[in-house]
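Here are a few exercises to work through with the viewer open. Try each task yourself before you read the solution.

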Amino acid sequence: MKDEYIIALAGNPNTGKSTVFNAFTGLNQHTGNWSGKTVVNAEGFFKADGISFKMVDLPGVYSLLSDIAEEHAAKEFICSKQADIVLVVADATCLERNLNLCIQTADLADNVILCLNLMDEAKKREIFIDTNMLSKLLGISVIETCARSGEGIDEIKHEMVNIINGEKKCVPIKTNLIGMSFEESCIETLKRAKNIADAVVSNGKAKDFQSMADSIVLSKKFGIPIMLLLLGLIFWITIVGANYPSSLLMNMFAATNEMLKELLENTPYWVSGILVDGMFKTASWVVAVMLPPMAIFFPLFTFLEDVGFLPRIAFNLDGLFKRADAHGKQVLTMMMGFGCNAAGVTSARIIETPRERIIAILTNNFVPCNGRFPTIILLVSVFIARGTSSSVMAGAMVLLLIIISVGITLICSKILSKTILKGVPSSFVLELPPYRRPQILQILVHSMLDRTLFVLGRAVTVAVPAGAVIWIMQNVVFGGSSLLLNFSRFLEPLGLIMGMNGMILAAFILGIPANEIVLPILLMYYSNGTALTDISSNAEIFRIFTQNGWTMVTAICVTMFSLNHFPCATTLMTIKKETGSTKWTLIAFALPTIVGIVICIIINLIAHIMGMVL
Amino acid sequence: MAEEARLSAVPLHTGCVVKFVEGNVEERIRFFDLGFSPSSVIVPLYKGVYGGTTAFLVKGTLIALRKEEADKILINQILREDENER
């Protein structure tokens, strides 16, 4: 008896393999609904009948035979015999396709179990599989599961124990490939998969929800409008949903602010200054103004992902990306960037060719991440949509800004393709997995809590120190004026031609550690001396900004620069890690910044010309 | 029917059977693995809004290919409507 037995978890992409993994190991691994999500192997542990098991999640692959890195890695692991048992997860709704990998695995390893997952989907589509016959034809155990609800998992655990104990002998029927060339043996395996599937599967309904939904979502007429509508809806929900928690939190922080000030009445001015005016105030702004939109948008986006919309958006937009000489999967990495640009950069691993991967990495920052959304939403709400019924207009404006960001991404991808990253577009294949009914409560609650903790954590580690730093810079005098004033004066010329000013640029630079602290830094600076109790509505925030010299042009330029500026520190570090190159990291810093500066200068110029004409 | 009919030219909702896939061994195997292997039935279902990309129903799954990829797949038989369903 060994201390620990190793189970390799294999399967096609989109078979619910990660759900199976979670069901066994209880690890909370995020499962998105598009092919190629799991690019890093995960490991987890579980016990069954007193025996310890380690489960290794292999990349989702269609076969073990081609040259793709992931398939190579999966095959190597299986051939290395490190695994005591290989558990192959198959999608019961398309067995023939999934049998290819299963047969290849059974040809290479001896202890194999076939997990027939998504049985609930199969039942819905009236697809019936004769598992006894399937087991006989393959020579391995076949166990039906619905990993989402945990059905069948215990049965698999018992089977594993039986195999380890020697109570069950696993004798897979190997495919006869004697005397065949590599290509012939591939075709032979596919033939065997078809024959077995034909023998055991009785097909279900032809027209079902899947095809009805796709006939709308993927149609030439409705595809794009539906996509825009959905995104617009998500923005609108975020804007409206964040209002109430924001005011609530702001009032709470205002009261606490007063309390803290009273408590520290008898301490030196700099103690109360750094702690309350600097640290507490900045953190208040982050938590009250930035957290609610982030905690709402992220789960909504995750919901879209889980249902299976993202590959469909990729399909609808692929024509545009092809014209921009970009890889089709760049749409997917771009969409990951909506959650977090660092995650978007990491997800570029799904693009096989280095040239196209770097384009995806360099352009990822044009899409606003979760930390920049509240900035955009706040500015749009405060400056453009100030009435109560104008949340719809605010949502529409944010949607327009996103469309512009995607446009900029496309243009820059094309330019990069023609200049420093010349080359030919590589082949592109995208699987559109079936829509899955998402586990709504689970996603929303889990994601919301996750995000809230994350933002709170960042508020403590980044916003609080930043607040202290800024207060110190504001109050330490050097050469006649404060450090902060000196810094912002240095940036003033550039700031002015960009339609902003030196202080705003300073806030962007100080916001490199975390994008969500840019506005809080400014608000904290502007609101010095004002009691926080007054500042809880968009009208008040509008007053703070305009009292400090902001005009509509300023708001527009700040919004555009927020969309087009250098990546945050985490993203930059991720880029360095993923590309292994300082050169590309520097370019990733410079590219969006230059684009942002140019756009702001142009907007400012136009505004001035119009101003002069008017 | 033309001798060298390519998948990219098959009208939507019309099933066809794969005859041959162009390209080197690795590229062909990749197509096979996805389901575009000789004798497989393929049905083009959706064409992308901005052109060039088509989603095919192959072995129960929807797989999207750009035109350049679909050009490499030669088909030899167009099925009647009632033979389309799998």
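**Exercise 1. Sizing up the interface**

How many residues of chain B are in contact with chain A, and how many of chain A with chain B?

Solution. Keep in mind that you're looking at a predicted model.
- Start with the head count: 35 residues on the chain B side touch 47 on the chain A side.
- Next comes area. The size of an interface is often given as the accessible area lost when the parts come together. Here the two chains bury about 3600 Å² between them, and 57% of that is on carbon and sulfur atoms.
- Then pick out the big contributors in chain B: B:D33, B:Y50 and B:R66 lose the most area to chain A, together 22% of what that side buries.

**Exercise 2. Polar links and who supplies the surface**

Work out how many salt bridges and polar contacts join chain B and chain A, and which element of chain B gives the most residues.

Solution.
- Between chain B and chain A you should find 4 salt bridges.
- One to look up is A:E96 with B:K59, whose side chains meet at 3.4 Å, N to O. The cut-off for a salt bridge is 4 Å, so this pair qualifies.
- For polar contacts, the tally is 14 residue pairs, with both partners at pLDDT 80 or more.
- Five elements of chain B each supply at least two residues to the side touching chain A: α1 (25–34), β2 (41–47), β3 (53–58), β4 (61–66) and α2 (67–70).
- α1(B) gives the most, with 8 residues.
- Sorted by type, that side of chain B has 14 nonpolar, 9 polar and 12 charged residues.

**Exercise 3. A strand pairing across the chains**

Find the strand of chain A that pairs with β4(B), and say in which sense they run.

Solution.
- The strand is β9 of chain A, residues 429–432, and it pairs with β4(B) in the antiparallel sense over 4 bridges.
- Now match partners: A:L430 bridges to B:A64, while A:V429 stands opposite B:L65.
- Finally, check the faces of β9(A). Both are covered, with A:V429 and A:E431 buried on one side and A:L430 and A:L432 buried on the other.

**Exercise 4. One serine in chain A**

Is A:S447 buried or exposed?

Solution.
- Locate A:S447 in helix α17 of chain A, residues 440–475.
- Its relative accessibility is 6%, so A:S447 counts as buried.
- Leaving aside neighbours within four places in sequence, A:S447 contacts A:F298, A:P299, A:T302 and A:Q442.
- A:F297 is 150 residues away along the chain, yet its C-alpha atom is 9.9 Å from that of A:S447.

Notes
Residues numbered from 1 in each chain as written. Chains lettered and ligands numbered in written order. Predicted model: local features only at pLDDT ≥ 70, side-chain atom pairs only at ≥ 80, totals over all residues. Heavy atoms only, no water. Contact = heavy atoms within 4.5 Å. Buried area = accessible area lost by both parts, 1.4 Å probe. Polar contact = N/O pair within 3.5 Å; in protein donor to acceptor, adjacent residues only side chain to side chain. Nonpolar A, V, L, I, M, F, W, Y, C, P; charged D, E, K, R; others polar. Pairing = 2+ DSSP bridges. Buried < 20%, exposed > 50% of the residue type's maximum accessible area, 1.4 Å probe, protein only.
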